[in-house]
Amino acid sequence: MFKFLTSLFRKKADSVDSFLMYPEGKRYYRETHSIRRTNIDEDAIKIINRLNKFRYKAYLVGGGVRDLLMGKRPKDFDIVTSATPNQIKRVFNNCRIIGKRFKIVHIIFKGKIIEVSTFRSLPEHRLEKHKAENDYLIKRDNSFGTAKEDAARRDFTINSLFYDPKNDSILDYVGGFDDIQKKIVRVIGDPDISFKEDPVRMLRAVKFSVLLGLDIEKKTKLAIKKNRLEMEKSSSARLLEEYNKMFRTWKTSQIFQGLAENFLFEVLFKELVDKLKKNDPEWREHFLETPLGKRLVITDQLLSAREEMTPAIFYSLIFYDLVSDIFSSDEGHLAHNIKDALQPVFERMGIPKREQDNLVKVFISQPRFLVTDDERERQNTFFKKKDYFYDAFMVYKIVALSENNEAAVQSAFFWEISLRQRPKPDSHQFGQQNRKKEKKRPPRKKMRGGRGPHPGRNPNGQDQGSDSESRGNQNQPDSDTPREPRDQNPRRPEKPPADDSED
């Protein structure tokens, strides 16, 4: 009889509660945590208050709560609510519904967007018996749920905390508050299933551990090594997005070292492993001493010194060992050989054609920097005007510094003296498919009835600009007077942005 009664109150293996440390939610009030409203975006608080006014639950969630607890400045503030996207739209006029896999709402303010999502339910397979041969990759995620279900389906405990501004409390279902205090990255639920649902979580676990100074929990770490080949199922666009975020952290070299130590590098950049093994069989433990590691360390140093680095520069440095032997070879055409060497990695990683062409141009340009003759000044000036020149030069300079090549460093100084070219405005949107195309001016229509008046003259045939010139317009510069040069120093980042929350 006693066994029967106790079984009624025991957590069921196939219930949401089995994934939660605190099924009813544990509250941490103002006196036990460091989050204060003054550190939260006022508009985010207004959104939550308005949703509460319409009797919907709403909390601050994810990376914003995590960063505030760790004394960091959040990059953005995400909100989760019991209201569906259509209900949110009825409450706010300044919003739009986006997304295919899971619909979310962007509430638009002047100069910023705050993301609001609906509580999601736990995937159905989480409540079934785990089978190793099953494919758990999440392709659709459109089921709404409760607050506890939303907490249970997130990636890591540190990203699953809710902040309630009504009473300045933190609502914790999964033990994330304690894990932040212990400085641990831990997966919610079974890490084997979690990583099969979304393999990119393995990469994010390494990234969080480096950026936030956390240790990966032992069970999570073992699961990363066990399930590392699942990374091959990840969306190439999603991975490119994650890489681009890494490149803005000023800690790319350390993150890549973490990827190597956790056996992910050889899956994500498999074409490079043979080169690394050739130089050092123990490359995984000595990653920062490998040629690639040295290049990334120097790049992070230049970023911290306020130099600007585009994603194309990082990808060129990563792929450099695949084409370095071609520069000293006399066989075949340089451009053709570089394309052949890079094409397999381009196709596997899903790099768009436009970015492929730019990277090839960067590599083709490398031998050009060795030419510093004054007699070729006109050709050098023409070369500097190329839209890929800045990326190509930075790659040449970083490689020269990493190899401690004095002659190449001197050549870099020659080119850098006059280098004041800004990278292209869209150079940081590497791999983004929906770029706005430049509008072409429509061809001028021919006027019927013979030749019309000259566009610079009035109908009487007099020059329209002559009157203004005769009045002595002093503000217009003379054609022979040189204009003031624009400040063409590359835009410099103020600081590395805080990392994102769970996607």
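Rings of Phe, Tyr and Trp are taken to pair when their centres lie within 6.5 Å. With that in mind, the aromatic side chains make a welcoming place to start with this predicted model. F369, F383, F389, F393, Y396, F414 and W415 come together as one aromatic cluster. Across the whole structure, the search finds 29 aromatic pairs.

Two of these pairs can be looked at in detail. In one, the ring centres of F265 and F269 are 5.2 Å apart and the planes meet at 40°, so this pair is tilted. F265 and F269 are both buried. In another, F369 and F389 have ring centres 5.7 Å apart and planes at 40°, so this pair is tilted as well. The pair formed by F369 and F389 links distant parts of the chain, with the two positions 20 residues apart in numbering. F369 lies in the loop between α17 (353-364) and α18 (377-384), while F389 belongs to helix α19 (residues 389-402). How buried or exposed are these two partners? F369 has 0% relative accessibility and therefore counts as buried; F389, at 1%, also counts as buried.

Aromatic rings meet charged groups too. The charged end of R120 is placed over the ring of F102, at 4.3 Å from the ring centre. Likewise, K112 has its charged end over the ring of F109, 5.8 Å from the centre.

Attention now turns to the nonpolar interior. The largest nonpolar core holds 113 residues, and the members that touch the most others are Y243, F256, F265 and F319. F265 thus appears both in this core and in the tilted pair with F269 described above. Which residues does F319 touch, leaving aside those up to four places away in sequence? Its contacts are L272, L342, V345, F346, M349, I351, L359 and F363. A second core, separate from the largest one, has 16 residues, among them Y59, A151, A152 and Y173.

A charged residue completes the picture. E230 sits in the loop between α9 (218-226) and α10 (236-247). Is this loop residue buried or exposed? Its relative accessibility is 16%, and because buried means under 20%, E230 counts as buried. Setting aside residues up to four places away in sequence, E230 touches F195, K196, P199 and M202.

Conventions. Residues are numbered from 1 along each chain as its sequence is written. This is a predicted model: local features need pLDDT of at least 70, side-chain atom pairs count only at pLDDT 80 or more; totals for chains, interfaces and linings use all residues. Side-chain values use heavy atoms; hydrogens and water are left out. Rings of Phe, Tyr and Trp (its six-membered ring) pair if their centres lie within 6.5 Å; planes under 30 degrees apart count as stacked, over 60 as edge-to-face and the rest as tilted. Buried means under 20% relative accessible area, exposed over 50%, partly exposed in between (1.4 Å probe, protein chains only). Helices (H or I, at least four residues) and strands (E, at least two) are DSSP runs, numbered from the N terminus. A charge sits over a ring if NZ of Lys or CZ of Arg is within 6 Å of the ring centre and within 35 degrees of the ring normal. A nonpolar core is a set of buried Ala, Val, Leu, Ile, Met, Phe, Trp, Tyr and Cys residues joined through side-chain atoms within 4.5 Å. Contact means heavy atoms within 4.5 Å.
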